[in-house]
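Student: Please take a close look at the empty space inside this protein, and then follow the helices around that space as far as they will lead. I would like each geometric criterion stated along the way.

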Amino acid sequence: PPAMLRDEDTEADFQRFLRRVDDVTNLLQGLNSPDSAVQEKAIAETEKRLREQGGSREEGESRTTLNRTLINTSVRALPSEIKAGLSGILAALERDAKERAQRRRRNEQLAEALKEQGNEAFKGGDFSLAIQRYSEGLEKLRDKQELYTNRAQAYLKLHEYEKAINDCEWALKCNKSCLKAYFLMGKAHLALQHFTEARQCYERILEIDPQKEKLVRGCLSEARLEEKRLREEQRAEREAQAGNFAASSIQELVQSISSPAQGIPHCTGGIRLLAQLVSSCSGQTLFRTNKGFSILRSEAVTGAFCAESRSPAEEELCVSLLLLWQAVCAGNEENQRLLLAQPGVCAQLAELLCSGTARIQRETLALISLYSESESGRGLLLRQDLSRWLQILMAFVKSTDARADSAMNILSDLIGEERFQTQCRATDVLPLFTELLVSPGQVTPALARGVAVLGGLCADAGLRAQLAQSRECWQGCLQLLGGSCDDASPGYQQCVLAVLGLMMNLLLESNGTIQDFAVPISGRCLALLSHQDGRIVTRATGVLSRVLAASPSAVEEVVEGGVVKKMLKFLKAGGHLTSSYAIRTLSICTKSSRRAQEELLRWDK
């Protein structure tokens, strides 16, 4: 165990023990030396030490009585007698070492039991008792790293940050690569606003274990946001002390709106003025530091914000409030966090999306978009249960105004987040998307975005496998590619591209459903090879290169339709990606079709 973790008495005793072992080892080496001078010197030194020892060891040394019959101190001892005496000392040292090992095992058992008691107290929220148990464990075993890190975690809960840092430092003396110690020490430094030290702790985690990149990135982001918040609030405080007009006005307006005596028109006007004053970073910070979010507790504001049906005045107040939140939260991560932390806000935003009032829905979508556009904002959204939000957002795809684009922008922002994909798996959202494919209504750019979102979900292997098994999904894809829509209609080409991209992703799977649909899929893609949009041609070729392997019947169908000649044309005049798809398509066709082989020889001249 590390020397610095033992008390002074234990340390001194341990060092004496080590010195005795070294001395005896050196003497034995000297006695066995082929050099007679070295051996003679060792004999003399050994005789001297044996005479000095007397009849017994001191209690603090080894507790071992020497067998004096082995030693003749009046006559020079023979080397064999000396060796016998040294062997007795070694045996005593060995017994001493065994006793120490036994004591340590007992202490390890006691320390482990106390650690478990501390863990139970911690889980129960009794952090003081947890600290007591961990401390008792350290009295038994002072070099047990887990006791230091566990006690540091309990100190963090009690906001005793300096003590937490001290325990983490001791844990690192036990284990210099302890990730938990660096993590907790970073948290403690951050709480003390030691931002440089916090970042150093987090970066050290990444140096030790590069696999912790995601954890470290989140910790560094938290430190950055906290430092930014502090800097903004210090600047806002200086402006307020300097008599800044906006600072005093924001404070007065917040107090006025929060007054229980104010009616809806007064609150609406005050909120509109506030939205103008908080357009700057300092204004946003002053709003926060002057408890601006407390206006949600105003009776008039709560009534309008949470009403199931609204009068025109309540609708106006609700829209004004949404515009204020947009102004307060634009580019301000701390305000975004605080808004969603207000009781009932997340649930109420979902209700506002279902309000049936286009103005309220537009401004709610605009507010949510502020979150989805940044990594930190997406993280805040994804802490919520998005199952209902997802259903509502998908419903906007069929809208013909800006609400559809806003909803799809939000989904597109969220689709790449692992936690979003996890929620999709957990809540079985695939029927929402397949319904979108089967009954799309008017083909619009928003519909294309919706299909692209579905394609993005296929990055998750579990969701992709589920979707590839869905007959409804394949039927919907074929319907969208079936030519029922005019090629010149808005969004048609974007939709076809999105559907082909989705099919490319789904065809990474192999199952019976794909085999069943291989022939109609191949037929529709063959028809698209003559499309004027080169992007559509490339993707259609890509789908063929993946789906044909699932069905010999599909191969015969496309060979009869002239696929060989088209693929050869792409090889001569197509781009690199199209050519690679064409090569694979030809390979599949010629492998299973005699006719394809003959056509390849005939046309490739």
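Tutor: The count comes to four cavities of 30 Å³ or more, where a cavity is a set of points, on a 1 Å grid over the protein atoms alone, at which a 1.4 Å probe fits but cannot get out. The model is predicted, so local features need pLDDT of at least 70 and side-chain atom pairs count only at pLDDT 80 or more, while totals for chains, interfaces and linings use all residues. Residues are numbered from 1 along each chain as its sequence is written, and side-chain values use heavy atoms, with hydrogens and water left out.

The largest cavity holds about 40 Å³ of space, a volume being the space filled by probe spheres set on grid points that are joined across faces, edges and corners. Its lining (residues with an atom within 4 Å of a point) consists of L225, K228, R229, E232, N332, E333 and E334. By class, one of these residues is nonpolar, one polar and five charged; Ala, Val, Leu, Ile, Met, Phe, Trp, Tyr, Cys and Pro count as nonpolar, Asp, Glu, Lys and Arg as charged, and the others, Gly among them, as polar. Helices α9 and α15 each give at least two residues to this lining, and α9 has the largest share, with four; helices here are DSSP runs of H or I with at least four residues, numbered from the N terminus.

The largest pocket (an open set of points with protein on both sides within 12 Å along at least five of seven lines) contains about 1,300 Å³ of space. It is lined by 34 residues, and those closest to its centre are G218, C219, S221, E222 and R383. Two or more lining residues come from each of α5 (145–157), α7 (179–191), α9 (213–241), α15 (333–341), α18 (375–381) and α21 (418–427), with α9 supplying the largest share, ten residues. The pocket lining divides into 15 charged, eleven nonpolar and eight polar residues.

From α15 the path leads to helix α16 (residues 345–353), which is largely enclosed by the rest of the structure because seven of its nine residues are buried, meaning under 20% relative accessible area with a 1.4 Å probe and protein chains only. The residues concerned are V345, C346, Q348, L349, A350, L352 and L353. They pack against α15 as well as α13 (299–306), α14 (312–329), α17 (358–372) and α19 (387–395), a contact being heavy atoms within 4.5 Å.

On the α7 side, G186 is found in that helix and is buried, its relative accessible area being 0%. Setting aside neighbours within four places in sequence, G186 is in contact with A198, C201 and Y202, and its C-alpha atom is 7.8 Å from that of Q200, which is 14 residues away along the chain. An unreviewed UniProt entry places the feature "repeat: TPR" at residues 179–212, although such annotations may be inferred rather than shown by experiment. That span is 79% helix and 0% strand, and its end C-alpha atoms lie 10 Å apart.

For the wider setting, the chain has 32 helices and zero strands, and buried residues make up 46% of its 605 residues. Among contacts with a separation of 6 or more, 69% join residues 24 or more positions apart.

Note on methods: Buried means under 20% relative accessible area, exposed over 50%, partly exposed in between (1.4 Å probe, protein chains only).
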